[in-house]
Amino acid sequence: MTTQADTFEHMAIRTFTPSVSGEITCGVRRNGDVVIVTYKPIHKASVSVDGRATALEFVPNDFKLKQ
C-alpha cells in the first residue's frame, strides 16, 4: 500500500505513546514505531499511489486494532 500527502499540515497527527515526541519529518523512522495511517482511496489508473494520507496515529507497540 502506498499513500501520499502533499504536506504534514494537511494531515492530523496524533501520538498515544511517550516514545514519540518533538518534530516529525519525512523519511524512514529508525525506532520502528507502530503507526496507523488513515487515507482516502484514489481510484485513478494515472496515479501511482493507492490513496491520500489524511492522518497518522502513533500507538503503543502492543496496540491491537479492533475490526
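Which side chain meets Arg14 in a salt bridge? Keep that in mind while the view is set up. The model on screen is predicted.

**Whole chain**

Start with everything selected. The chain has 67 residues, and 19% of them are buried. Its C-alpha atoms fill a box of roughly 40 × 30 × 20 Å along the principal axes. Switch to cartoon. There are 4 strands and 0 helices. Read from the N terminus, the order is β-β-β-β.

Now think about contacts. Take those between residues at least 6 apart in sequence: 54% of them join residues at least 24 apart.

Turn on the surface. About 5500 Å² is exposed, and carbon and sulfur atoms supply 52% of that area. Then colour by charge. The chain carries 8 positive and 7 negative charges, and the mean positions of the two sets lie 5 Å apart.

**The salt bridge**

Select Arg14 and show its side chain. Its partner is Glu57, and the N to O distance in this salt bridge is 4.0 Å. The pair links distant parts of the chain: Arg14 belongs to strand E2, Glu57 to strand E4 (residues 51-59), and 43 residues separate them. The count of salt bridges comes to 1. Side chains of opposite charge can pair when their charged atoms come close.

Are the two partners buried or exposed? Check each in turn. Arg14 has 41% relative accessibility, so it counts as partly exposed. Glu57 has a relative accessible area of 19%; it is buried because the cut-off is under 20%.

**The loop after E2**

Move on to Thr17. Thr17 sits in the loop between strand E2 (12-15) and E3. Its relative accessible area is 15%, so Thr17 is buried. Which residues does Thr17 contact, leaving aside neighbours within four places in sequence? Select Phe58, Val59 and Pro60: Thr17 is in contact with these.

**The nonpolar patch**

Last stop: select Met1, Val37 and Tyr39 and return to the surface view. Together these residues make a nonpolar surface patch of about 310 Å². Centre on Val37. Its place is in strand E3, which covers residues 34-41. Val37 has 37% relative accessibility and therefore counts as partly exposed.

**Views to save**

Keep one view of Arg14 with Glu57, the salt-bridge pair. Keep another of Thr17 with Phe58, Val59 and Pro60, its contacts beyond four places in sequence. Add a surface view of the patch made by Met1, Val37 and Tyr39.

Conventions:
Residues numbered from 1 in each chain as written. Predicted model: local features only at pLDDT ≥ 70, side-chain atom pairs only at ≥ 80, totals over all residues. Heavy atoms only, no water. Patch = residues over 30% accessible without salt bridge, like charges linked within 9 Å, V, L, I, M, F, W, Y side chains within 5 Å. Areas by Shrake-Rupley, 256 points an atom, 1.4 Å probe, with all protein chains shown as cover. Helix = DSSP H or I, 4+ residues; strand = E, 2+ residues; numbered from the N terminus. Buried < 20%, exposed > 50% of the residue type's maximum accessible area, 1.4 Å probe, protein only. Contact = heavy atoms within 4.5 Å. Lys, Arg positive; Asp, Glu negative; His and termini not counted. Charge placed at Lys NZ, Arg CZ, Asp CG, Glu CD.
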